[in-house]
Amino acid sequence: MQMAMKVSRVGIFIMAIVSVVAAMVATSCVAIDEFAPKQRSQIESYLGNKEYRVTSDSAYVHLAGNKFNVEPQQRPAGAAKGDKVTFNVEAYIFSASSPKDLPYYTNKRYLAERLSENLNAEYWDFEPKEATLGAGDVINPLEEAFEGSIAGDSLLVFLTSSIA
């Protein structure tokens, strides 16, 4: 694979998207938006000194790595609006200061098998997900998270309850 080519035109494989959604308290009379500042603070604390960016919808995006070990100075142009991306999903609940150990949803069969004690994943779709950026195939925070990503990127995307 030539890393100099614009891989976003041929599709992008993102190793994992971890969508960490803070749990909402159904019995509370407090508006969901009032939880967001505390959730953002917990996410920032969890990320610590790791580099991250914040999307216009206040989602936090951290590039956790690239399976091809592409050096930052050698990264080709990444995905942009109109590009098709292919990705796998691990969705976790963010509890207090870190994600739970196991996801509540994934399209990775090996993780779903670990969930079988608590969830019936028999009918889950384990194929990689696809989306065209700008077409509304995924929620805005995920679209923005994909922008600039390249083949092999592993992204952590944190969503607060106000945008999840």
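Here are legends for a handful of close-up views of this predicted model.

Residues count from 1 along each chain as its sequence is written, and side-chain values use heavy atoms, with hydrogens and water left out. Since this is a predicted model, local features need pLDDT of at least 70 and side-chain atom pairs count only at pLDDT 80 or more, while totals for chains, interfaces and linings use all residues.

**View 1. A look into the largest pocket, about 290 Å³ of space.** Arg-53, His-62, Leu-63, Arg-75 and Leu-155 are the closest to the centre among the 14 lining residues. Strand 3 (60-66) and strand 8 (153-159) each put in at least two lining residues, and strand 3 has the largest share, with three. The lining is a mix of six nonpolar, five charged and three polar residues. (A pocket is an open set of points on a 1 Å grid over the protein atoms alone where a 1.4 Å probe fits, with protein on both sides within 12 Å along at least five of seven lines; lining residues have an atom within 4 Å of a point. The volume is the space filled by probe spheres set on the points, which are joined across faces, edges and corners. Strands are DSSP runs of E, at least two residues, and helices are runs of H or I, at least four, numbered from the N terminus. Ala, Val, Leu, Ile, Met, Phe, Trp, Tyr, Cys and Pro count as nonpolar, Asp, Glu, Lys and Arg as charged, and the others, Gly among them, as polar.)

**View 2. Inside the largest nonpolar core, 16 residues in total.** Val-85, Phe-87, Val-138, Phe-146 and Val-157 touch the most other members. Strand 4 (84-95), helix 3 (140-146) and strand 8 each chip in at least two residues, and strand 4 gives the most, with four. Another core, of six residues, lies apart from it and includes Tyr-60, Phe-94, Leu-156 and Phe-158. (A core is a set of buried Ala, Val, Leu, Ile, Met, Phe, Trp, Tyr and Cys residues joined through side-chain atoms within 4.5 Å; buried means under 20% relative accessible area, exposed over 50% and partly exposed in between, with a 1.4 Å probe and protein chains only.)

**View 3. Tyr-52 meets Tyr-60 in a tilted aromatic pair.** The ring centres sit 5.4 Å apart, with 50 degrees between the planes. Tyr-52 is partly exposed at 34%, whereas Tyr-60 is buried at 2%. (Rings of Phe, Tyr and Trp, the last by its six-membered ring, pair if their centres lie within 6.5 Å; planes under 30 degrees apart are stacked, over 60 edge-to-face and the rest tilted.)
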